[in-house]
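Student: I've got a structure open and I'd like to learn to read it. Can we go through it together?

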Amino acid sequence: MPSPEDTLLNDTIARCREVGLRRTWALEELLNLLIATAKPLTLADLADSPTLKDRCDRATVFRLLVRLEKQGILRRLGLHDRSAYYTLNVPGKHSDYLICTECGVIEKLDIACPVEALEAKISKQSGFKKLYHELEFFGVCPLCA
């Protein structure tokens with residue numbers, strides 16, 4: 001029986017193929033890293049990882065991140081003047097993040113999504129289906145305060 005990580009990888013690769021992306025070693029390894037760490041990573045985190053560093057240059061990793069973000073496979077997080085962080089978009093699952101405006105640290109918000117009830121109300125009143133949102137909360141972390 002495949003592990004949850006293997007299932008998520010296979011499902012994500014299937015989504016990539018549906019939008020016209022080829023299954024390459026670099027694609028599979030990049031997705032593996034994002035799944036294994038379960039937290040947003042920067043281009044540097046990914047490009048400098050031991051598995052990608054020796055087989056892909058930074059430009060290749062960057063182009064792959066851009067394509068994956070454009071197709072909705074990845075989500076880009078961060079402030080405009082700081083490094084971008086990338087996290088996997090998993091259909092049916094949603095994560096909100098806290099981002100410090102001083103140091104740029106990003107943390108997953110581990111409470112129930114504050115917008116889901118509002119989303120359901122909007123859907124019911126408007127008739128729109130499959131509403132979604134991407135939520136980032138900006139503020140100053142305890143270390144910078």
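Tutor: Sure! First, some vocabulary: helices (H or I, at least four residues) and strands (E, at least two) are DSSP runs, numbered from the N terminus. This is a predicted model, where local features need pLDDT of at least 70, side-chain atom pairs count only at pLDDT 80 or more, and totals for chains, interfaces and linings use all residues. Residues are numbered from 1 along each chain as its sequence is written, and side-chain values use heavy atoms, with hydrogens and water left out.

Student: What is the order of the strands in the open sheet of 3 strands?

Tutor: Two strands pair if DSSP finds at least two bridges between them. S4 (residues 97–100) and S5 pair in the antiparallel sense over 3 bridges, while S4 and S6 pair in the parallel sense over 4 bridges. That makes the pairing mixed, and the order is S5-S4-S6.

Student: Which residue stands opposite Leu-98 in S6?

Tutor: Look at the parallel pair, S4 and S6. Opposite Leu-98 you'll find Phe-137.

Student: Which residue takes a positive phi in the hairpin of S4 and S5?

Tutor: On the paired strands, Ile-99 faces Ile-106 and Tyr-97 faces Lys-108. The hairpin has 5 residues between the strands, and the one with a positive phi, near 85°, is Gly-104.

Student: Are H1 and H2 parallel or oblique to each other?

Tutor: Axes are lines fitted to C-alpha atoms, for helices over the stretch in contact, and angles run from 0 to 180 degrees between N-to-C directions. The axes of H1 and H2 come within 10 Å and cross at roughly 135°. Angles under 35 degrees count as roughly parallel, over 145 as roughly antiparallel, 65 to 115 as roughly perpendicular and the rest as oblique. Therefore H1 and H2 are oblique.

Student: Which element gives the most to the lining of the largest pocket?

Tutor: On a 1 Å grid over the protein atoms alone, a pocket is an open set of points where a 1.4 Å probe fits, with protein on both sides within 12 Å along at least five of seven lines; lining residues have an atom within 4 Å of a point. Helix H1 (4–18), helix H2 (25–37), strand S3 (85–88) and helix H6 (116–126) each supply at least two lining residues. Among the 30 lining residues, those closest to the centre include Leu-88 and His-94. The biggest contribution, 7 residues, comes from H1.
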